[in-house]
Each structure stands twice: as structure tokens, then as C-alpha cells.
Amino acid sequence: MSQGRADERLRQACRLAEQAAEQGQYVYLQTGSAAESRQLDELLWTFRDGSFLPHEINTGAPASHLQVKVLLGDAPAPASHRQLLINLTETLPLAIESYPRIAEIVDTDPERKRSARERYRQYREHGCTLESHTL
């Protein structure tokens with residue numbers, strides 16, 4: 001996948017997290033690696049001019065302040081930040097029944113699309129109500 005497509009996928013995740021946090025939701029961005037978490041952490045500070053989205057990388061400890069509506073990391077989400085899971089991994093999240101909402105961002109990369117279709121099938125098998133949105 002080109003770096004531009006990868007960056008756009010992460011930028012879309014930032015926008016989605018910002019919208020949810022502005023609505024008062026606690027959000028977790030599940031990444032595939034510690035390196036991706038660090039990249040996303042940097043992007044959350046710069047993805048949009050004038051935006052300020054209090055966030056932290058999940059360390060396993062509670063968020064440092066109640067205003068931190070967004071946590072991110074490659075470990076499962078803490079119970080405090082499960083109102084919206086933005087899954088940026090290639091696998092189904094653990095304990096999907098503990099999330100009222102799960103978002104997946106699917107770009108045009110053929111391998112990511114194939115993987116997303118498989119997760120879509122798995123979500124359906126778990127009885128999840130599914131919606132698709134074109135961005």
C-alpha cells in the first residue's frame with residue numbers, strides 16, 4: 001500500500017475519533033503495532049489545523065484525565081474507552097460484544113479489502129448489526 005493511502009486511512013480514523021469525542025463518547029483506536037500507535041499519536045496532534053484532541057497511548061493504566069476521550073494502542077481497549085472502537089487491525093477485535101459501536105476504515109488496497117470482507121462476514125456471524133458508509 002502506498003504511504004499516501006496509509007496516511008489517509010489514519011487521517012480518516014482521526015476525523016472519526018474527533019467527531020465521536022465531540023459527542024462525548026470515549027473512543028479507542030486499536031492499532032496493529034506499537035509503531036502504528038506512535039504514528040497515529042503524532043497524527044492526532046497534526047491531522048487538522050486548529051484541532052485539539054486530547055488523547056493518550058494506552059499503557060494499561062487509567063487515562064490521566066477525564067478529558068482524555070481518546071485512547072489508542074495495540075492492546076485491547078480498557079473498559080473506560082469502549083463506546084466506540086475504531087479497528088485499524090486486520091483481525092476481529094476481542095470481546096466484540098463489549099463495544100456498542102465498532103468502526104472499520106476500508107480503503108482501496110486490494111488486500112485490505114479482502115481482509116475487511118472476511119471481518120464483515122465474521123461480524124455478521126457474531127450477530128452484529130452492520131452499516132456501510134462511503135466517505
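The lining of the largest cavity, sorted by class, consists of two nonpolar residues, four charged residues and no polar ones. I should say at once that we are looking at a predicted model. Which residues form this lining? They are Arg9, Glu90, Ile105, Val106, Arg112 and Arg119. The volume of this cavity is about 30 Å³, and a search of the whole structure finds one cavity of 30 Å³ or more.

Let us turn from the cavity to the largest pocket. Its space amounts to about 1,200 Å³. There are 34 residues in the lining of this pocket, and those closest to its centre are Ile102, Ala103, Glu104, Glu131 and His133. Three elements each give two or more residues to the lining, namely α1, spanning 3–22, β5, spanning 102–104, and α3, spanning 110–125. Which of the elements gives the largest share? That is α1, with seven residues. By class, the pocket lining holds 16 nonpolar, 11 charged and seven polar residues.

The next topic is the interior. The largest nonpolar core contains 20 residues, and Leu29, Leu40, Ile86 and Leu88 have the most contacts inside it. At least two residues of this core come from each of α1, β1 at 27–30, α2 at 34–46, β3 at 70–73 and β4. Here, too, α1 makes the largest contribution to the core, with six residues. Another core, of six residues, lies apart from this one, and its members include Val68, Ala77, Leu85 and Tyr99.

Leu88 deserves a moment of our attention. What does Leu88 touch, once neighbours within four places in sequence are left aside? Its contacts are Arg9, Leu10, Ala13, Leu29, Gln30, Thr31, Glu36, Leu40 and Ile105. Please note that Arg9 and Ile105 also appear in the lining of the largest cavity.

Two of those contacts, Glu36 and Leu40, are among the buried residues of α2, together with Ser37, Asp41, Leu43 and Leu44. For a first-year student, the spacing of such numbers is worth a general remark. An α-helix has 3.6 residues a turn, so residues three or four places apart point the same way. As to its length, α2 has 13 residues and reaches 19 Å from its first C-alpha to its last, which is close to the 18 Å expected at 1.5 Å a residue.

I shall now consider two residues in loops. Pro54 is in the loop between α2 and β2, the latter covering 55–57. Not counting residues up to four places away in sequence, Pro54 is in contact with Gln67, Val68, Lys69 and Val70. Of these, Val68 is one of the residues in the six-residue core. Pro54 is also 28 residues from Tyr26 in sequence, with 11 Å between their C-alpha atoms.

The other is Ala95, in the loop between β4, at 84–87, and β5. Most residues other than glycine have a negative phi. Ala95 is not a glycine, yet its phi is positive, at about 55 degrees. Is Ala95 buried, partly exposed or exposed? Ala95 counts as partly exposed because its relative accessibility is 34%, which falls between the limits of under 20% for buried and over 50% for exposed. Finally, Ala95 and Ala35 stand 60 residues apart along the chain, and 24 Å separates their C-alpha atoms.

Note on methods
Residues numbered from 1 in each chain as written. Predicted model: local features only at pLDDT ≥ 70, side-chain atom pairs only at ≥ 80, totals over all residues. Heavy atoms only, no water. 1 Å grid on protein atoms, 1.4 Å probe; cavity = no way out; pocket = protein on both sides within 12 Å on 5 of 7 lines; lining within 4 Å. Points joined across faces, edges and corners; volume = space filled by probe spheres on them. Nonpolar A, V, L, I, M, F, W, Y, C, P; charged D, E, K, R; others polar. Helix = DSSP H or I, 4+ residues; strand = E, 2+ residues; numbered from the N terminus. Buried < 20%, exposed > 50% of the residue type's maximum accessible area, 1.4 Å probe, protein only. Core = buried A, V, L, I, M, F, W, Y, C linked by side-chain atoms within 4.5 Å. Contact = heavy atoms within 4.5 Å. Expected span 1.5 Å × (residues − 1).
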